[in-house]
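Hi,

Here is the structure I said I would pass on. Have a look at it first, then read my notes underneath.

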Amino acid sequence: MEHFDIVIVGAGLHGLAVARTLIDARSGSPPKLIILDEGRSIGGTWAAERLYSGLKTNNVVGSYEFSDFPMELERYGLEPGQHIPGFVVHRYLTDFAAHFGLDRLFRQRTRVEVATLREDGAWEIEYKRGCENGLEAGRLTCDKLVVATGLTSEARMPTFSGSTKFLGPLFHAKDLYSRSEDLKGCQEVVVVGGNKSAWDVCYSVATAGARAHMVIRPSGGGPSWVWRPIYLLGARLTLARLSSTRLFSWFDPSPFGCNFATIRRFFHGTILGTWLTWIFWALLDLFATAATGYNDPRLKILRPWTSSFWMGNSLSIHNYETDWFELVRKGRVVVHHADVLSLGETTVQLSDGSSLEADAVVCCTGWKCTPPISFKPDGISEEIGLPREAAFRQQDLVQASKYGLYQVQYEKMSDKRDIRGQREKDTRSWARAQIKKKYAQLGFSPRKTLHRDGKTQSAWRWDLRPYSLHPLALPSYAT
Ligand SMILES: Cc1cc2nc3c(=O)[nH]c(=O)nc-3n(C[C@H](O)[C@H](O)[C@H](O)COP(=O)(O)OP(=O)(O)OC[C@H]3O[C@@H](n4cnc5c(N)ncnc54)[C@H](O)[C@@H]3O)c2cc1C
Ligand SMILES: NC(=O)c1ccc[n+]([C@@H]2O[C@H](COP(=O)([O-])OP(=O)(O)OC[C@H]3O[C@@H](n4cnc5c(N)ncnc54)[C@H](OP(=O)(O)O)[C@@H]3O)[C@@H](O)[C@H]2O)c1
């Protein structure tokens, strides 16, 4: 069986960054390293086989690149302030891999299925590799395993009653590129979901001349904020730019923020500061609302249900060539707040009683956050802190809010691996105390949701926060 010092699963942004760092750190005696990915090309989210037409970054040029490998404007044909086209990100990551010799370490079409921690401390990896005759099973071993499988690589596909009866294409947004031919000729396309993938699919459908029905479930987070530029005293402000300023980081609720500790303590730890923070986010929402024109009766239905403060990664940017909202005004995109009840041969039955004609259904229903690998022995994946999707019971909630789960897992790790120096231990316990404090203030508070009827409800969303249990996640200032 082949043996490696390090195996990295995932050739996306993070897998490549880890590979480059590990090789750099041991440049004297480079580790025997390999990068496995089930995709056909480098890039993960930005792999060539996932680049649907019109895909661009939310970020603007200069804010989505490695600091030691600049995305040069001329080389990539970019303009300052531009949202980066997906194919450019792919080319950039491929160039990055070639520049640092990572392309030679890349094994494509190799899906890791099982990772077993053996008693001798090595990992045994079972994988399936695509070859001419189908799939070929294989095994290898390694001393260290890096899981860089991403949070947007494993599609979460809902099951609908009657889906086998449905005659048209039914697929997840992940397959938008590979299934784009299937959408040609479709006149009515149902798009399930209210976040950025759904916005992209609606745009692509509606600008191709068909009609998109965006179906957003009433029980969830509602439509995401999709920010358009704000004009303030003649200056053009975009969220992409604003969020990379120091001012923004003061108001950023991230418990891992490391700079401007005193200022951040003021804004997040004092009564006056939290009021100012609240005003800051309320003003942003106000400007964004005005810039989008949510008061227009035709756009009201897209008004987000939560403040952008609570939106997390659903906070998006209007990075389209033409006005997305105009498609709604013209009726090319029709928004429904409803659940999909069932599918017929050419129809989609909604919970609001309506029945939509549908030539195709595209599910933009998000991603599984657990790595799609079976870890053995049982329980090891939780022990090493990988995320899990299980919903919490009420009693777990109480325990977790006292950091019970976090602490127990952390201490298990510390006991087992007594190889770290005292200084490192001190740093970690200090960092742990900081994290506890911050999570107490922010991470474990209930999410507030403003529903269409104007009522505010508080809902615990534990099942969607698995990374908060990561036992060795340290803020950058502790390392
Ligand atoms: C359409 C889209 C647009 C986005 N745009 C932005 C943006 O503009 N700005 C931004 O900040 N973020 C954006 N994101 C989020 C994006 O996921 C991250 O920015 C980043 O690309 C994630 O990199 P990653 O390496 O963590 O994961 P990924 O890029 O998802 O890479 C993970 C890799 O692991 C591989 N893999 C998974 N499981 C296995 C397995 N069992 N065996 C082998 N290989 C496996 C996958 O094939 C994939 O190649 C976007 C996401 C999507 C889906
Ligand atoms: N650069 C770009 O232009 C771009 C493009 C696409 C994606 N992205 C990024 O990629 C990340 C993921 O975005 P995403 O839109 O793919 O996924 P996502 O943010 O997880 O959104 C999934 C959507 O599907 C809904 N949903 C989930 N399960 C459902 C079900 N069973 N029935 C009905 N609706 C369901 C969710 O509703 P609830 O709110 O109710 O859970 C949510 O609206 C984000 O960070 C996004 O910014 C960027």
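Below is what turned up when I went through it.

First, a caveat: this is a predicted model, not an experimental one. The chain has 479 residues, and 29% of them count as buried. It holds 14 helices and 23 strands. Of the contacts with a separation of 6 or more, 68% are between residues 24 or more positions apart.

**The core**

The largest nonpolar core has 85 residues, and the ones that touch the most other members are Val7, Val191, Cys202 and Val361. Helix α5 (residues 196-207) supplies the largest share of this core, seven residues. Both domain 1 (2-147) and domain 2 (170-363) put at least three residues into this core.

If you want a place to start looking, try valine 7. Setting aside neighbours within four places in sequence, valine 7 is in contact with Ile34, Leu36, Ile125, Cys142 and Leu145.

**Helix α3**

Does the length of this one add up, or is it off? With 14 residues (86-99) at 1.5 Å a residue, α3 should span 20 Å, and its end C-alpha atoms are indeed 20 Å apart, so the two agree. A good part of the helix is tucked away: Gly86, Val88, Val89, His90, Tyr92, Leu93, Thr94, Phe96 and Ala97 are buried. What do these buried residues pack against? Their partners are α1 (13-25), β3 (56-60), α2 (73-76), β4 (83-85) and β5 (106-107). After α3 comes glycine 101, which has a positive phi, near 70°.

**The two ligands**

Ligand 1 has 28 residues around it, and those that come nearest are Gly10, Gly12, Gly44, Thr57 and Gly150. The elements giving two or more residues to this shell are α1, β3 and β6 (110-117). By type, the shell around ligand 1 splits into 10 nonpolar, 15 polar and three charged residues.

Ligand 2 has 25 residues around it, with Gly193, Asn195, Gly220, Gly221 and Gly366 coming nearest. Here the elements that give two or more residues are β3 and α5. The largest share, four residues, comes from α5, the helix that also gives the largest share of the core. The shell around ligand 2 divides into six nonpolar, 15 polar and four charged residues.

Where does ligand 2 lie with respect to the domains? Domain 1 (2-147) and domain 2 (170-363) both give residues to its shell, so ligand 2 lies between them.

**Two backbone oddments**

Arginine 109 has a positive phi of about 50°, although it is not a glycine. You will find arginine 109 in the loop between β5 and β6. Is arginine 109 buried or exposed? Neither quite fits: it has 17 C-beta neighbours inside 10 Å, so it counts as partly exposed. For reference, a residue would need 20 or more to be buried, and 12 or fewer to be exposed.

The other one is further along the chain. Lysine 376 and proline 377 are joined by a cis peptide bond, with omega about -5°. Proline 377 sits in the loop between β21 (374-376) and α11 (380-383).

That is everything from my side. Shout if you would like to go through any of it together.

Cheers

Definitions and conventions
Residues are numbered from 1 along each chain as its sequence is written. Chains are lettered from A and ligands numbered from 1 in the order in which they are written. This is a predicted model: local features need pLDDT of at least 70, side-chain atom pairs count only at pLDDT 80 or more; totals for chains, interfaces and linings use all residues. The expected span of a helix is 1.5 Å times one less than its number of residues. Two residues are in contact if their C-beta atoms, placed from the backbone, lie within 7 Å. A nonpolar core is a set of buried Ala, Val, Leu, Ile, Met, Phe, Trp, Tyr and Cys residues joined through C-beta atoms within 7 Å. Domain bounds come from an automatic or database domain assignment. A residue is near a molecule or strand if its C-beta atom, placed from the backbone, lies within 6 Å of it. Ala, Val, Leu, Ile, Met, Phe, Trp, Tyr, Cys and Pro count as nonpolar, Asp, Glu, Lys and Arg as charged, and the others, Gly among them, as polar.
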